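Got the model open in your viewer? Let's take a walk through it, one selection at a time.

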Amino acid sequence: MRKKSLLWLTAFLMTFLGAAGMVWAAQGEIRLGSINDMTGATSDVGKDYALGIAEAIAYVNDIGGINGKKIKLFQYDYGYRIPEAVTTYKRFRDFDKVVAVLGWGTGDTEALSPTITKDKMPYVSASYSAHLTDPKKTPYNLFFCTDYSSGARSAITAWYDNVWKKDAKYKARRDKGEKPRLVCFYMAASPYASAPIKAIKDHAALLGIEVGPDQDVSLTALDTKSQVLGAKQFKPDLVWHGNTTMSVATAMRDAYSLGLGADHVVNVWGFDENLPRLAGPAAEGAMGATVCAFFGGKAPMMNKIQAYAKRINPGVPANKRLVRTIQAWGAVLLLTDAMKIADKQGKLNGEGIMKAMETFKNKDFGLGSQPASFSATDHRPTTGAPIFKIEKGKFVLVEAVDLKKRWPDKWEKEWMGW
Amino acid sequence: MKKFAVTLFLLIGIVSLLALPCLAAEEKAATLEKAAPKATVGKGKAMKIAAAKAPMVKLDRIEIANYWGYYLDGILDKEGKLTAGRRGAPLVLSFVYSVQNPNNFKIMLDDLKFTVAFEEFELNTLTFFDDNYIPAKTTDYMRFNGTFDYNTANLSLLVTGGFKLQEMNIKSGDLLKKWWEGISDFTFPITVNGTATFVGPNGKNIIVPFEGTFPPK
């Protein structure tokens, strides 16, 4: 009897200590840093993205964190000032001891790239610059969706196929054998806005489109009449807008009022729910490269995204939320899914997280984005982009362009990393 | 022996099940309270309260912690108007909040973030991550400092409020000058809108939205 009691006591102690050990192990906290622009030159899109980051992290924590470990998010506004981003990164690395960083702009992401490579710090940014897609040069940079250059190539291709080749307004010019004409509106000094310009001009040459003089438009522009008048002399059929929404809306309004007469294609950060609100009829027909569903649009995760937006940031009404929230969820889910794999393998560090991300093949985040694939030699997440246009203030799908299918050789041999 | 093995298996299962809800618990968690009331704070509702009553967060006042006059180091623009100049004009504001813990146990403020608007223009979002414990049944006063600057405020105004300024036929510089010169008397309303995240004794987050205006209406 005494022996049996001893056995029971031992069993009880073993199970109790085992469970307690589980809890203690699970109490570990994983730290993530997030650098966001809530007050600077890209805050028109950065504020909503920042809200989305916090909401997505709350969701990940609610479903168990990283295999039971809670994520502690350190999120700072850097006002789109590169020196401040560099300083914040150093605080993340040296003081907060984060395992990875959710970044923002192209300027700071590219400026930090050599440092994060040296530190082996995974850096999932909201900059989708193609300069960050070649792992030989930027092995610790990644993002979840179509890069700017592929998005621009896709958008221009969609306009060429669906508008230039089909629209009756261009018939006479097509019949004469004339080439379509393109002008780029963007802030030349902005690494984000200028990132895809080389690819755009290369793609224009590929499709036989003439390119006119670039028009330098500030990200904070409230008046672009001189740029529109400058472009008008070239008589463009198409304008590429490379800035963010507020500046793009300004340029579209001025183009409309001054009768530029060109169609518009817009980079991802200039094409959101605020564009038709701000530009009104001037935005009708504008096409844009998109990377995921719009806020409230069709996507398996949308109900959760909306619920967390309401729960975590109840002061921001749903009708003011943007596609930027969904983009933020993409960054968070890409990183945290990889962290879960790395953690299970006992390698929750820079190398382990990056290797985990590079195992993703056709990964669907449930955000209405194209499935993403990564490898150790290619960090381009997708091979094209769905192109939408604005019709009566709503977003309508034009077509999903697959660049790899259409230009397989160029995709494989020429287009990576720029 | 067979009975022993089955019971042991069940025991492991029960203890594991008991342990699972604690997986996300903070190591600093205190005793568990059973009540799960919903509380209203300001205009918002506390969300997903599992075990603790939601603390009340209220803007008590705003103070000027540090101020560079708009005119210091200022330069004249083309129209002969004084501007803050290229070096800007820093303005540090202290936001003092009262945080009331209605519970019988201490509770931890995990983070607090809020957006600050001068009149109807949002200029800055401030976040604080330092852990603070609020003792049981007490009201704590906490001070959060935020730095504003003429140049960064101007950038924010132009990007997010540019069209509104056009509609109001106001230049951003004129508005900033009015604010920087009127701040010492708080001649315009400053509003805050944010959320505070507390960690309850069971390790679950309690998110408390809050908003406030200073000077009070």
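Start by selecting residues 123–124 of chain A, which make up strand 4. Two bridges join strand 4 to strand 5 of chain A, and the two run parallel. Zoom in on A:Tyr123 and look across: standing opposite, in strand 5 of chain A, is A:Asn141. Keep in mind as you go that this is a predicted model.

Now widen the selection to the whole sheet. In what order do the five strands of this open sheet in chain A sit? The order is 2-1-3-4-5, with parallel pairing. Find the edges next: they are strand 2 (70–77) and strand 5 (141–142) of chain A. Each of these has a single partner strand, so one side of each is left without a neighbour in the sheet.

Add helix 3 of chain A, residues 82–96. Helix 3 packs on the sheet and touches strand 1 (29–36), strand 2 and strand 3 (100–102) of chain A. Its direction makes about 175° with that of strand 1 of chain A. Then bring in helix 13 of chain A, residues 323–344, which also packs on the sheet. Helix 13 touches strand 1, strand 2, strand 3, strand 4 and strand 5 of chain A, and its direction makes about 165° with that of strand 3 of chain A.

While you're at the sheet, pick A:Gly33, in strand 1 of chain A. Is A:Gly33 buried or exposed? With 0% relative accessibility, A:Gly33 counts as buried, because the cut-off for that is under 20%. Light up what A:Gly33 touches further along the sequence, and you'll see A:Phe74, A:Phe92, A:Val98, A:Ala100, A:Val101 and A:Leu102, leaving aside residues up to four places away. Try a distance too: from A:Gly33 to A:Tyr89 is 8.0 Å, C-alpha to C-alpha, though 56 residues separate the two in sequence.

Next stop: the second largest pocket. It holds about 770 Å³ of space. Select A:Tyr76, A:Asp77, A:Arg91, B:Thr127 and B:Phe128, since of its 34 lining residues these are the closest to its centre. Both chains contribute elements here: strand 1, strand 2 and helix 3 of chain A, along with strand 8 (121–128), strand 10 (138–149) and helix 2 (150–168) of chain B, each supply at least two lining residues. Colour the lining by class and you get ten nonpolar, eleven polar and 13 charged residues.

Move on to helix 12 of chain A, residues 302–312. Which residues of helix 12 are buried? They are A:Met302, A:Ile305, A:Tyr308, A:Ala309, A:Arg311 and A:Ile312. Their cover includes helix 2 (43–62) and helix 13 of chain A, plus strand 11 (190–199) and strand 12 (205–214) of chain B.

One more residue: A:Thr157, in helix 5 (residues 148–164) of chain A. A:Thr157 is buried, at a relative accessible area of 1%. Setting aside residues up to four places away in sequence, A:Thr157 touches A:His203, A:Leu207, A:Val401, A:Leu403, A:Arg406 and A:Trp407.

Finally, zoom out and colour by chain. Chain A has 16 helices and 13 strands, and buried residues make up 60% of its 418 residues. Chain B has three helices and twelve strands, and 48% of its 217 residues count as buried.

Terms used. Residues are numbered from 1 along each chain as its sequence is written. Chains are lettered from A and ligands numbered from 1 in the order in which they are written. This is a predicted model: local features need pLDDT of at least 70, side-chain atom pairs count only at pLDDT 80 or more; totals for chains, interfaces and linings use all residues. Side-chain values use heavy atoms; hydrogens and water are left out. Two strands pair if DSSP finds at least two bridges between them. Helices (H or I, at least four residues) and strands (E, at least two) are DSSP runs, numbered from the N terminus. Contact means heavy atoms within 4.5 Å. Axes are lines fitted to C-alpha atoms, for helices over the stretch in contact, and angles run from 0 to 180 degrees between N-to-C directions. On a 1 Å grid over the protein atoms alone, a cavity is a set of points where a 1.4 Å probe fits but cannot get out, and a pocket is an open set with protein on both sides within 12 Å along at least five of seven lines; lining residues have an atom within 4 Å of a point. Grid points are joined across faces, edges and corners, and a volume is the space filled by probe spheres set on the points. Ala, Val, Leu, Ile, Met, Phe, Trp, Tyr, Cys and Pro count as nonpolar, Asp, Glu, Lys and Arg as charged, and the others, Gly among them, as polar. Buried means under 20% relative accessible area, exposed over 50%, partly exposed in between (1.4 Å probe, protein chains only).
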